Amino acid sequence: MKAIMVMFDSLNRRMLPPYGADWTHTPNFARLAERAVTYDNAYAGSLPCMPARRELHTGRHNFLHRSWGPLEPYDDSMPELLSQSGVYTHLASDHPHYWEDGGATYHGRYNTWEFSRGQEGDAWKGHVADPEMPEGLKRMRTPAYRQDWINRSYTATEDRHPQTLTFDAGLEFVRTNKDADRWFVQIETFDPHEPFFSHQRYKDLYPHEYDGPHFDWPDYKRVTETDDQVAHARYEYAALLSMCDRSLGRVLDTMDELELWDDTLLIVNTDHGFLLGEKGWWAKWVQPWYNELVHLPLFAWDPRHPGAAGDRRSALVQTIDLAPTILEYFGVDRPADMQGVPLPVREDTSVREAGLFGAHGGHVNVTDGRYVYMRAPVSPDNAPLYEHTLMPTHMRGRFSPAELVDAELAEPFGFTKGIRTLRTPGRSLLNPYQHGTLLFDLESDPEQLAPLVDDETELRMASLLVGLLQEGDAPPSQFERLGLPADGPVTEKHLLVRAQRAQAERAAEALPRPEEFPAGRVSLRTPMRTLMSDPVTSVVLRRHLPSLFDSELLQLLGPMPLIDVAAVAAGAMPRDALMAVAEDLAAL
């Protein structure tokens, strides 16, 4: 028995033919759906990248207890459990987050691993002089942006692209070990994650007229670009998606050639999606976790059930189900701490009533497949919020001394194997309170454009949410942050949709185009840092946007024009307040 996982990052369900797309060039995803089971109700869990991969290893949610980070000492790891049971495991990946502080314990759980360099801002080739970079629309030009342009110069042809090299390495493992038994290989590419860097033959699949600035890496913010610029970015994503499709086809071709379908499990999956202008948003994380981000494509072929080829399943499944599926396939017992269950392949069997998803410090969300309930914090301070960890690292750095000075030992959770964790004050990227608590009916509103106010449905969904929090042994602080009872029933006094309706509507308002604001010597196009440091303009900002001076994150965006910072912060800078700022600045 053998198993292959092909994992993509930021793979958008709605852009694949098996899920209704009719304009993207992805014939191999269509070919896959003819052979495998297609899951229509697959959802993410812990978000984004590394929290999702921690679920892939552990089969349980982690976002209630800590943010982005490594595997913890008490975590069960699916690849490691396989290895301990005599199944050889191999990872071939170009995903740069595995080799940063916040992901450095994952690859060591496999028997062997290969890493292809150069994706995004991977700290790969060293150039002291700045690279040549085109004029573009990206405003958040971090060191990773500079590094990416260095990396691109070393991947100028398709054979040198890290995605190609990743599939080369994965398929080399398959060919080398085709006659061996009991192995699992994870072929995982960072694509089609931004930046949408592909080669000309894939861009040629999507001809369109565009003579604007370079744009293949949207910032995490509200859309402020023109319609032509938005369309161009979508085509750039589609081009990279078509490259991913070709790589998938290489795997399918190899399985055909080596006759692996008879004894090899195949899973094709992703961690989350990516907003490409829908609802007026780019990217992820800075807005609520809409279905474009969490309703995932998922395919599985199990050679034990060939009659299921081409079938579809409506059961509500999640990322936490992947580890149990692979363990069960190899006959390895699942640890008691795993919350997931094997994917239903042979029959469309229900595996759960509701699924939980979210990011640390953000909305805590629940879906039953029809309704989606996004629970915001009950108070504006989004508190209390704590990290529970024995591995105090962030994505690209260690916890600072200031973060650890008030650390204390917490009591063990049910899944920490008797170990007490370090509890430190937490922080979130942006405060979800500004978006309010949201309730959607996917049956009548599949695009999630018209949030409901329905007390009866909210009461039921909030009760499901509390049940899942209890099952996951959520910290008491999460119940307090969300204004939900840790014990006892949810009642009408706990409902928030109606109470937070006004702030939700403010946050959902589209930003005016930059040209709609009045302009003068200083304007919303002036860098925020300049406006905050000037004695005269700072008075204007304090009058209309006092929260700017209290936000550490927003101050980190200081070099950006105020209009772009507003696009990141959304509800923190309402439309009417921005217009008032623009008018007062124009009058100076």
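Buried means under 20% relative accessible area, exposed means over 50%, and partly exposed lies in between, with a 1.4 Å probe and protein chains only. By that scale, Lys 417 is partly exposed, because its relative accessible area is 45%.

The model is predicted: local features need pLDDT of at least 70, side-chain atom pairs count only at pLDDT 80 or more, and totals for chains, interfaces and linings use all residues. Residues are numbered from 1 along each chain as its sequence is written, and side-chain values use heavy atoms, with hydrogens and water left out.

## Salt bridges

Let's start with the charged pairs. A salt bridge here is a side-chain nitrogen of Lys or Arg within 4 Å of a carboxyl oxygen of Asp or Glu. The count under this rule is 42 salt bridges. Helices (H or I, at least four residues) and strands (E, at least two) are DSSP runs, numbered from the N terminus. Three of the pairs are set out below.

| Pair | N to O distance | Separation along the chain |
|---|---|---|
| Asp 76 and Lys 417 | 3.3 Å | 341 residues |
| Arg 109 and Glu 80 | 3.1 Å | 29 residues |
| Lys 138 and Asp 219 | 2.7 Å | 81 residues |

Asp 76 and Lys 417 form a salt bridge. This pair links distant parts of the chain, with Asp 76 in the loop between α2 (49–58) and α3 (78–84) and Lys 417 in the loop between β20 (408–409) and β21 (422–425). Asp 76 is buried, with a relative accessible area of 15%, whereas Lys 417 is partly exposed at 45%.

The side chains of Arg 109 and Glu 80 also meet in a salt bridge. Here Arg 109 sits in the loop between β4 (88–93) and β5 (112–115), and Glu 80 belongs to helix α3. Arg 109 is partly exposed, at 24% relative accessible area, and Glu 80 counts as partly exposed at 27%.

Lys 138 and Asp 219 make another such contact. The loop between β5 and α4 (143–152) holds Lys 138, while the loop between α6 (200–203) and α7 (227–257) holds Asp 219. Both Lys 138 and Asp 219 are buried. Elsewhere, salt bridges that share partners join Asp 9, Arg 53, Glu 188 and Asp 271 into one network.

## Domain record and a small sheet

UniProt, in an unreviewed entry, places the feature "domain: Sulfatase N-terminal" at residues 4–332. UniProt positions follow the numbering used here, feature names are shortened, and annotations may be inferred rather than shown by experiment. Residues 4–332 are 30% helix and 14% strand, and their end C-alpha atoms lie 17 Å apart.

Strands β17, β21 and β20 form an open sheet in the order β17-β21-β20, with antiparallel pairing. The edge strands are β17 (386–389) and β20, each of which pairs on one side only. Two strands pair if DSSP finds at least two bridges between them, and β20 and β21 pair in the antiparallel sense over two bridges. Arg 423 in β21 is the bridge partner of Glu 408.

## Cavities and a pocket

Now to the empty spaces. On a 1 Å grid over the protein atoms alone, a cavity is a set of points where a 1.4 Å probe fits but cannot get out; a pocket is an open set with protein on both sides within 12 Å along at least five of seven lines; and lining residues have an atom within 4 Å of a point. Grid points are joined across faces, edges and corners, and a volume is the space filled by probe spheres set on the points.

The whole structure contains seven cavities of 30 Å³ or more. The largest cavity has a volume of about 130 Å³. It has 17 lining residues, of which Trp 285, Gln 287, Gly 362, Leu 430 and Pro 432 are the closest to its centre. In class terms, Ala, Val, Leu, Ile, Met, Phe, Trp, Tyr, Cys and Pro count as nonpolar, Asp, Glu, Lys and Arg as charged, and the others, Gly among them, as polar. The lining of the largest cavity has eight nonpolar, nine polar and no charged residues.

The second largest cavity has a volume of about 70 Å³. Its lining includes Glu 120, Asp 148, Arg 152 and Asp 191, and divides into four nonpolar, four polar and four charged residues.

The second largest pocket has a volume of about 330 Å³. Of its 13 lining residues, Arg 13, Asn 291, His 295, Pro 446 and Glu 447 are the closest to its centre. This pocket lining has three nonpolar, five polar and five charged residues.
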